[in-house]
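Thanks for coming, everyone. I would like to walk through one chain with you slowly, so please keep the picture in view while I talk.

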Amino acid sequence: MFNRIKNFTKSHWQKVVIGGVAVQVLVYGVKYVAGRFMEYHEVKALDLWKKMKKEQHFESTESTFKSSFLALVVNLKETVTHSLDAETLAGILKTGNLEIGTKLEIWERLKIIGFSRIVVIIYGSSLLNVLLRIQLSIIGGYLFIESNDSDPKHEWRNVNGIILSNNTAMDMDLQQKYLSLATYLVKFGVMNLSEYIYRKTIAIVGSIGLKEKITISDLEQLLLSIVAAVNQDIVNDELLTDGCNSPTKYPWKYIFPTDILETHNYFGNTVQKCRPHYEPPDMYERLLADTFDLLDSDDVTSLLNSFERQGISHFCDRIADYVVAFEKSIPNGTVDPLANTENLITQQSTASHFHIFSEVQVPMAKIIPMLNDLVAQGINESDPWISVLCNSETARNFAANVYESFSNSID
């Protein structure tokens with residue numbers, strides 16, 4: 001048998017060599033394909049694990065956002081009620097020892113304050129919502145990169161390869177310093193916003209008499225007129241002298257402290273959308289620049305405009321319910337200028353809003369306490385407007401895009 005094999009090999013040695021090579025290539029080919037197949041599945045599994053980890057991390061960021069927002073919005077309301085103080089004026093009215101002219105003057109101020117409060121709450125809470133989402137998404141993105149970085153002493157670099165000095169990692173001190181922007185907005189930014197909107201409101205509702213009757217549709221138009229005035233481009237405004245102070249067009253004017261705006265020309269350019277390339281000298285400056293770019297983006301403008309419309313619609317609906325409860329609480333439709341409407345918030349009527357919008361006319365003097373008490377008593381963790389902001393799918397998608405962008409960035 002061995003001789004036959006030997007003779008066959010001598011006679012067909014070329015076929016044997018070629019066959020052997022073919023078998024060897026086949027073996028190596030199978031091993032290569034199997035290796036690539038295993039490598040492919042390992043990469044897919046790693047990507048899936050990374051995606052699941054990223055989703056879990058983002059959900060944790062969202063949870064942090066909601067708890068932070070609910071805590072800060074209470075402070076925001078306190079700033080609004082302090083800056084636009086209706087309670088002190090109402091207390092003066094309760095003394096009863098006032099001349100008619102003085103009472104009318106106080107009522108006029110309460111009217112302006114009432115409308116201003118609603119608009120400031122809409123803008124202030126919307127700005128806080130967007131800012132916190134941006135900040136926590138940026139921080140979350142950087143922390144995700146650091147958590148997956150094999151080198152714990154990772155040095156952040158700019159596009160030119162220069163190491164960013166000072167705070168080079170997202171440590172707690174840097175996070176707190178960066179998040180203090182939200183505290184500035186709640187304390188000082190909202191104060192500036194209140195003053196700005198108060199002046200705009202005077203021009204819109206100042207001429208409306210206390211006895212003049214308006215419908216909820218009229219109220220909505222007044223709020224829309226105030227919003228239009230707030231967003232109007234005006235040069236050399238008294239409060240912030242750098243052009244228009246619209247919170248939807250230039251939200252960063254109420255978010256960045258004055259020293260930052262004055263010392264960084266990059267942050268102070270309100271005209272050019274395409275600014276010169278800016279390389280931050282350290283990590284904190286980088287966070288400020290990233291935040292500014294996002295606040296100045298069309299996405300944020302669109303989001304704030306959406307909240308603006310939703311807020312006006314929401315508060316008009318609340319006032320519509322308020323009107324029904326208020327009508328039932330006062331005999332014969334008389335006006336009680338000192339009426340406490342706190343309980344009316346929890347006694348909202350289920351009557352048709354269409355009837356309220358189309359037929360019922362309410363004296364301005366009745367609307368004023370509703371506007372003021374709606375902010376003073378109604379803005380808290382359980383308020384429907386706060387729920388709208390917290391659960392906004394559009395805002396959540398925006399935050400997810402920011403997080404995805406920063407969690408995938410490579411220095």
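Let me begin with a definition: a disulfide is a covalent bond between the sulfur atoms of two cysteines. For counting purposes, a pair of cysteine sulfur atoms is taken as a disulfide when the two lie within 2.5 Å. What you see is a predicted model, and everything I say about it should be heard with that in mind. By the rule I just gave, the count of disulfides comes to 0. Two cysteines that you may want to find are Cys316, which is buried with a relative accessible area of 1%, and Cys390, which is also buried, with a relative accessible area of 9%.

Now for the chain as a whole. Its secondary structure comes to 14 helices and 2 strands, and of its 411 residues, 45% are buried. If we take the contacts in the chain with a separation of 6 or more, residues 24 or more positions apart account for 81% of them.

Let us turn to helix 4, which runs over residues 100-147 and so has 48 residues, by the numbering of DSSP runs from the N terminus. From its first C-alpha to its last, helix 4 reaches 68 Å, which is close to the 70 Å expected at 1.5 Å a residue. Is this helix enclosed or open to the outside? Because 37 of its 48 residues are buried, helix 4 is largely enclosed by the rest of the structure.

Two residues let us look at that more carefully. One is Ser116, which lies in helix 4 and has a relative accessible area of 0%, so that it counts as buried, the limit being under 20%. Which residues does Ser116 touch, once its neighbours within four places in sequence are left aside? Ser116 is then in contact with Leu84, Ile197, Tyr198 and Thr201.

The other is Ile138, also placed in helix 4, and again buried with a relative accessible area of 0%. Leaving aside the neighbours within four places in sequence, Ile138 is in contact with Tyr178, Leu287, Asp290, Thr291, Leu294, Val402 and Phe406. Ile138 and Ser405 are 267 residues apart in sequence, and yet their C-alpha atoms are 8.6 Å apart in space.

Next I would like to look at a pair of helices that pack together, helix 5 (residues 172-205) and helix 9 (residues 283-295). Their axes are 10 Å apart and form an angle of about 30 degrees, and the crossing is right-handed. On the side of helix 5, the residues that meet the partner are Leu174, Lys177, Tyr178 and Leu181, while helix 9 brings Met283, Tyr284, Leu287, Leu288 and Thr291. Sorted by class, this contact has 7 nonpolar, 1 polar and 1 charged residues.

Helix 9 deserves a moment by itself. At 1.5 Å a residue, its 13 residues should span 18 Å, and its end C-alpha atoms are in fact 18 Å apart, so the two values agree. Helix 9 is mostly covered, with 12 of its 13 residues buried; among them are Glu285, Arg286 and Asp290.

Back in helix 5, we find Glu195, and here the setting changes, since Glu195 is partly exposed, with a relative accessible area of 40%. Glu195 and Leu84 are 111 residues apart in sequence, but 8.4 Å apart in space from C-alpha to C-alpha. Leu84, you may recall, is one of the contacts of Ser116.

Finally, please follow the chain into the loop between helix 5 and strand 1 (213-214), where Gly209 is found. Gly209 is partly exposed, with a relative accessible area of 29%. How far apart are the C-alpha atoms of Gly209 and Pro363? They are separated by 8.8 Å, although the two residues are 154 residues apart along the chain.

Notes. Residues are numbered from 1 along each chain as its sequence is written. This is a predicted model: local features need pLDDT of at least 70, side-chain atom pairs count only at pLDDT 80 or more; totals for chains, interfaces and linings use all residues. Side-chain values use heavy atoms; hydrogens and water are left out. Helices (H or I, at least four residues) and strands (E, at least two) are DSSP runs, numbered from the N terminus. The expected span of a helix is 1.5 Å times one less than its number of residues. Buried means under 20% relative accessible area, exposed over 50%, partly exposed in between (1.4 Å probe, protein chains only). Contact means heavy atoms within 4.5 Å. Axes are lines fitted to C-alpha atoms, for helices over the stretch in contact, and angles run from 0 to 180 degrees between N-to-C directions. A crossing is left-handed if the near helix is turned anticlockwise from the far one by less than a right angle, and right-handed if clockwise. Ala, Val, Leu, Ile, Met, Phe, Trp, Tyr, Cys and Pro count as nonpolar, Asp, Glu, Lys and Arg as charged, and the others, Gly among them, as polar.
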